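Here's a quick briefing to read alongside the model. Have the viewer open and follow the topics in order.

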Amino acid sequence: MKMSRLFLSLVLLTAPLAAFAQDASNDARFADLRASMTAEEFKTAGLDKLSDAELSALSAWLTRKVGAETARAVEQVRQETQTAVAQAQADTRKQVEQENRGFFDFGSDEPIKSTLAGEFRGFAKGNRYTLANGQVWEQIEAASLSGVRKTNPAVTIKPGLFNNWFFRVDGYNTPAKVRRIK
């Protein structure tokens, strides 16, 4: 889904390049203004009053002007495209890192903060904890926190060494070693 949005963005950003390139290839149309306009347009513009040398100078100026403006517009679109691609890559990387924290170690030492979906009844090895953000964690070592009954408590999961993660319910000091399963 992300890749199709990125591709669509690139297509939309580069479409003007094709139009500008086509305009640049048509610069020859200014070489003879008389041929590129109808007789009525030529006369209405007052160009029939110009000498051949003046028409040639005007055509040359128009060709240079359109070429320069086209080059400027193409460069602007190129820069905007590069910026958009770089931003999309950074956003995608951040999203992948956030979605996969707990499965892989991306070097972030920031804890995961969320709330537990449903009721918390203490720790026990093998318990599964579903967070409000959709992550599911399983307790892999014995840790005890009995007699606790909380609904939707705030929790913090902190990374430790060697891709170990420790689950803690806010308000209690006992951590439980967990691993992410979903």
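**What to look at**

Start with a residue that sits between the extremes: Glu141 is partly exposed, at a relative accessible area of 39%. Keep in mind that this is a predicted model. Glu141 comes back below as one half of a salt bridge with Lys177.

**Overall layout**

- The chain has 4 helices and 8 strands, and along the sequence they run α-α-α-α-β-β-β-β-β-β-β-β.
- Of the chain's 182 residues, 24% count as buried.
- The accessible surface comes to about 12,000 Å², and 55% of that belongs to carbon and sulfur atoms.
- If you take the contacts with a separation of 6 or more, 56% of them are between residues 24 or more positions apart.

**The sheet**

- Six strands build an open sheet with antiparallel pairing, in the order S1-S6-S7-S8-S4-S3.
- Its edges are S1 (112-115) and S3 (128-130), each of which pairs on one side only.
- On average, neighbouring strands in this sheet are turned by 35° against each other, with direction ignored.
- At the S1 end, S1 and S6 pair in the antiparallel sense over 4 bridges.
- To find that pairing on screen, pick Thr115, whose bridge partner in S6 is Ala154.

**The nonpolar core**

- In soluble globular proteins, nonpolar side chains tend to be buried together.
- Here the largest nonpolar core has 17 residues, and Phe120, Phe123, Ile157 and Phe167 have the most contacts inside it.
- Three strands give two or more residues each to this core: S6 (154-159), S7 (165-169) and S8 (175-180).
- S7 gives the most, with 3 residues.
- What does Phe120 touch once its neighbours within four places in sequence are left aside? The list is Tyr129, Leu145, Val148, Arg149, Lys150, Pro153 and Val169.

**Salt bridges**

- Side chains of opposite charge can pair when their charged atoms come close.
- Searching the whole structure turns up 8 salt bridges.
- One of them joins the side chains of Arg34 and Asp52, at 4.0 Å from N to O.
- Arg34 lies in helix H2 (residues 33-36) and Asp52 in helix H4 (residues 52-100), so this pair ties together parts that are 18 residues apart in sequence.
- Arg34 is partly exposed at 43% relative accessible area, while Asp52 counts as exposed at 59%.
- Another salt bridge, between Arg121 and Glu119, comes in at 3.0 Å from N to O.
- Arg121 counts as exposed, with 54% relative accessibility, and Glu119 is partly exposed at 41%.
- Back to Glu141: its side chain meets that of Lys177 at 3.4 Å, N to O.
- That pair links distant parts of the chain, 36 residues apart, with Lys177 in strand S8 and Glu141 in the loop between strand S4 (136-139) and strand S5 (150-151).
- Is Lys177 buried or exposed? Lys177 has a relative accessible area of 18%, so with the buried cut-off at under 20% it counts as buried.
- Finally, a network of salt bridges links Lys65, Glu69 and Arg72.

Notes
Residues numbered from 1 in each chain as written. Predicted model: local features only at pLDDT ≥ 70, side-chain atom pairs only at ≥ 80, totals over all residues. Heavy atoms only, no water. Core = buried A, V, L, I, M, F, W, Y, C linked by side-chain atoms within 4.5 Å. Buried < 20%, exposed > 50% of the residue type's maximum accessible area, 1.4 Å probe, protein only. Contact = heavy atoms within 4.5 Å. Pairing = 2+ DSSP bridges. Axes fitted to C-alpha atoms, helices over the stretch in contact; angles between N-to-C directions. Areas by Shrake-Rupley, 256 points an atom, 1.4 Å probe, with all protein chains shown as cover.
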